[in-house]
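Let's take a walk through this fold, from the overall picture down to a few aromatic rings and one helix. Have a look at the structure below before reading on.

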Amino acid sequence: MFNVFGLSDKGRYRAENQDSFDVCAVAGGLMAVVCDGMGGAAAGLMASDMARARFMAFAKGALEAPDGTDTADILRQATDAANRKIYSFAAHSEEYTGMGTTLVGGYLKDDTAVFVNVGDSRAYRIAKDGIVQITKDHSLVQMMVDSGQITPDQGRHHPRRNIITRAVGSERFVTSDIFTFPIRPGDSFLICSDGLTNAMEDAELHRLILAAGDAQTACCALVNEAVDNGARDNVTAIVIFERKGDA
């Protein structure tokens, strides 16, 4: 089994925490998701929690069904199900118009990890030789970096880095991205909201996870460091160590 731990904090300046996360063992593997809500206080919190619950319920049911559906397709369909749930809810309530959330989820089993993302919450793979960002942000800043308008370092401090170009629930249909990675001996994985990555450099994420002996120690170190750095947003992290104990 995998050794896993998740933790969330509202950060230094936010009145409430609009992030949601979940982790569970499914069909011999591990399922995890992080959502970061938007659309105002009530709407943001509701959107992230609805997406978390619908995504996990759909994925769990499909992964446990004996029909051989591809894992990547299941994660994409689970994201679509979360999108429909939020969009339909918002369509019938003016108070929640425009609600939405980021979503990054992953399923790890045996020697393969499959991730899905919408928005700017991220998944990373961490090994002794470095840290790799698996997902790619759907954000205005990422578009500017891709087009050469700014450098990645400038993007980290850009005043509009919080503007995302895709969200779960804000439109009738959503396009999600899928990433499949091999799990190597000694690998660790991080799934997190942008409250963590905006408050810490990748090198610091790498250092703290490598220094930890287990997922709980690593996760607590990451979230505490982000808050100590003055995190201006909610901070959520799930750390997964490859086969270092019970999930």
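The protein has 7 helices and 10 strands; these are DSSP runs numbered from the N terminus, with helices being H or I over at least four residues and strands E over at least two. Keep in mind that this is a predicted model, where local features need pLDDT of at least 70 and side-chain atom pairs count only at pLDDT 80 or more, while totals for chains, interfaces and linings use all residues. Residues are numbered from 1 along each chain as its sequence is written, and side-chain values use heavy atoms, with hydrogens and water left out.

Start with the overall build. The C-alpha trace spans about 50 × 45 × 35 Å along its principal axes. The radius of gyration is 17 Å, which agrees with the value near 18 Å for a compact globule of 247 residues; it is taken over C-alpha atoms, and the globule rule is 2.2 Å times the number of residues to the power 0.38. Of the 247 residues, 50% are buried, where buried means under 20% relative accessible area, exposed over 50%, and partly exposed in between (1.4 Å probe, protein chains only). If you take contacts (heavy atoms within 4.5 Å) between residues at least 6 apart in sequence, 72% of them join residues at least 24 apart.

Now for the rings. A pair of aromatic rings is described by the distance of the centres and the angle of the planes. Searching the whole structure turns up 2 aromatic pairs. Here, rings of Phe, Tyr and Trp (its six-membered ring) pair if their centres lie within 6.5 Å, and planes under 30 degrees apart count as stacked, over 60 as edge-to-face and the rest as tilted. Phe-89 and Tyr-96 have ring centres 5.2 Å apart and planes at 50°, so the pair is tilted. Phe-89 is partly exposed, at 32% relative accessible area, whereas Tyr-96 counts as buried at 12%. The other tilted pair is Phe-115 with Phe-189, with centres 5.8 Å apart and planes at 35°. Phe-115 sits in strand 5 (residues 112–118) and Phe-189 in strand 9 (residues 188–192), so this pair ties together parts that are 74 residues apart in sequence. Both Phe-115 and Phe-189 are buried.

Finally, which residues of helix 6 (residues 202–211) are buried? They are Leu-205, His-206, Leu-208 and Ile-209. Their cover includes strand 9, along with strand 6 (122–127), strand 7 (130–133), strand 10 (235–241), helix 5 (194–197) and helix 7 (215–228).
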